[in-house]
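This briefing covers the chain as a whole, then one helix pair and one strand pair. The structure comes first, followed by the notes.

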Amino acid sequence: MTDQGRGYSPEPWGQGGPYGGGARPAPAPGGHPQPQPGWGTPTQAADPYQPGPGGPYGPGPYPAHPNQQPQQPQYVQQPGYPQQGYPPQQPQQPQYVQPGYPQQGYPQQPGYPQQPGYPQQQAPQAQPQPVPQPPQRPEPEPAAPALGPDGIDWEAEAAALEAEAAGEYQDPGVEPEPGAEQAYQDDAQHDSYDEEQDGYTPFLSEPDDSRSGERRRKQSGRAERKRSGVACLGVSMLLVACVAGGGYYGYGFYQSHFGPPPDYVGQGTGKVTVNIPESATGSQMADALFSAGVVKSAGAFVNAYNKNSNATGIQSGIYTMPTHMSATDAIAYLLSQNGGDTLIIPEGKRASQIYTLIDTKLGVKPGTTAAVAKADVNQLGLPSYANGDIEGFLWPTRYSVGAGMKPLTLLQSMVSNTVQEYQTLGLDAGASAVKLKSGYQVLIEASILQAEGNNVTDFGKIARVLYNRLNTNATWGKLGLDSTLEYYLPPKTVLTASVRENTKTSYNTYINAGLPDGPIDNPGSEAIAAVLNPTPGSWVYFIAMPNGVTQFTNTFDEDKVYVQQYCTQTHQQYDPSSGSCY
C-alpha cells in the first residue's frame, strides 16, 4: 500500500482507474455508450450461438412506461465491493438474464446490500455468454465522485482495499481472462461458506427488510423453535432423571446413615433354628437372628430389645422360629418360648433318668439314648479319668434341642459342657485342700452331697459331716450312707441290715471306708462349691427331715432320736440297733 492509501498497481495514478482521467472507451455500435469497468452493468462477450440484438421477438427498444420516474444514476459495484456514497434504497430481487432472451428494459435497482468483508455467494452458472442488449435510452453520466480535500475519493479507496483484502478485487484496467469468473464461481460453490443458507447473520449488520429476508427469518424461526423445543424437552427429561436419581440415592444415603434400620413387617413365615448363646447380650442375639434370616437387620432388633423391659428375661437355647419377622414380634416370640425348644436337666439326676428325658424330648424309642451311650462311649468326649463312665458328666442345665437332633449329638453337647464347667470351678486345684486325691473325687463326694441334701443352705454343713467321717475316727472312715448303696442296687430294693452288711461293692459305704469308685448322680455347682469349701464344725451326723429341715448332731445317740422321728413321719420301721429305718 502506498502512502496515499492505494494498493500497488501497474497503472499510474489517474490513468485507467475507475476514478482517473484515462481515455473513455469508444461507444458500442448502435449509438449506446458502452459501460466502463466499475460503472453500470458488467461487460459480457458476444455469444456466436445466440440470436442477434433484440432476440427472437424482434429488434428495438422497449418503450418506457409513461409514468416511470427518472432513474437515478446507478453505480454497480464489483463483486465483493460495498456500495458507497448513496443511501440504501429498497432491495429488489436480483435480475437473471437468460441466455438467448432479451433482458427487460426496466430501470435497474441496486442489489441487496452486502456486508463489508464477506464475499457475496455467487450462484453457480455456466461460462459467461454475451447477451444481446436491446437499444436503451442513453444513461446520464454518473455524478462525479465526492472527493476529499486532498482530491482523492476515500470512500472508493476504502471499498477497493476491502475487496482486495477479500481476494475479490479486479483491477479495472486489466481484462479478466476467459473462464476466470466461472472458475471463481465454481470454486465458491465448493469452498465458500453460504451465510444465507446456514442462517448466519453477521454481527451489527443491517436487517434485511425484503420479502425474501422476511421469509428466511420465518423459516429460520420455525427451525429454531423446533430445535429449541426438542432441546428443552431433552433438558427437562435430563433434569427429571437427575432429580429422581439424586432423590433415590439421597434417600438411600439418609436411610443408611440417619434413618431407622430396616425391619420386616408381621410375624414371619417358615421355620429356622436359631441358637441363642448362654448369657448372650441383646447385640449377640441380634447377630444370631439376623444371620438366620429371622430379622431384617440387627439394628432393628437392638432397638426393639432396648424398648422392651422384659427382653432381658430371654433365655439362651435353641429356638425354632419363623423367618422374616418384625423385630418386635421376634422379641415376643423369644419370651413366649422361655428358652425355646430346650431340655432341662435338674441337679442330682442319674444318667439313667436323663436317658429317659432325652428319649422323650427327641421322640425316639425308649432305651435308644442308653444304648447309644453304651455303644458310642468312646465318641462322647469323656476324660480319661472317668474310665468310660458317663455318670457325673451330664451337667444339669437347659439344653437346646433342634428339630431332628440325634441322641449322640445331645450327649456330646452335655459332656462338653460338663468338662468346661469343671475346669471353671477348679476341681483339680481345690482337691488337695480338702484331703481329696483328685478333682474326680471332688465330683464323687459332691454327687453324694447332692443326693443326701434337700436344702442348698445346708450343703456346707453336710460337706463338713462328710469330711469329718472320712478324715476322723468318729466312724472309722466309713460314710455309712444309704444313697451310695441304693445307687448300686436295683430300684425299689429294701435296705435291710443283711443287705447293708452283705452287699459287696465299693458303693456299700457301710462296710467300705472312703469314697465309692464313681459318682452316683450329676451334681450342680452348689454341691461342688460346698465340698471345696465346707462349713467349719464338728458335726458327724445329720438327717434331712421331711419338713425340709436338716438336723445335725455330734454323737450317735443324738442322731438316733432324729432318725426315729424320721421313720415315724415316713411310715417306716425303726431299728434301734443300727439307728436306721426299714
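The chain contains 17 helices and eight strands. The model is predicted. Of its 582 residues, 32% are buried. Counting contacts between residues at least 6 apart in sequence, 63% link residues at least 24 apart.

**Helix 6 and helix 7**

- Helix 6 covers residues 298-307 and helix 7 covers residues 327-337; their axes come within 8 Å and cross at roughly 60°.
- An angle of roughly 60° lies outside the 65 to 115 degrees counted as roughly perpendicular and is not under 35 degrees, the limit for roughly parallel, so the two helices are oblique to each other.
- The crossing of helix 6 over helix 7 is right-handed.
- On the helix 6 side, the contact is made by Ala300, Phe301, Ala304 and Tyr305.
- On the helix 7 side, their counterparts are Ala327, Thr328, Ala330, Ile331 and Leu334.
- Sorted by class, this contact has eight nonpolar residues, one polar residue and no charged residues.
- The polar residue is Thr328.

**Strand 5 and strand 6**

- Strand 5 (residues 541-544) and strand 6 (residues 550-553) run antiparallel and are joined by four bridges.
- Phe542 in strand 5 has Phe552 in strand 6 as its bridge partner.
- The two strands form a hairpin, with five residues between them.
- Gly548 sits in the turn and has a positive phi of about 90°.
- Tyr541 and Ile543 point one way from strand 5, while Phe542 and Ala544 point the other way.
- Tyr541, Phe542, Ile543 and Ala544 are all buried.

Technical notes: Residues numbered from 1 in each chain as written. Predicted model: local features only at pLDDT ≥ 70, side-chain atom pairs only at ≥ 80, totals over all residues. Heavy atoms only, no water. Axes fitted to C-alpha atoms, helices over the stretch in contact; angles between N-to-C directions. Parallel < 35°, antiparallel > 145°, perpendicular 65-115°, else oblique. Left-handed = near helix turned anticlockwise from the far one by under 90°. Contact = heavy atoms within 4.5 Å. Buried < 20%, exposed > 50% of the residue type's maximum accessible area, 1.4 Å probe, protein only. Pairing = 2+ DSSP bridges.
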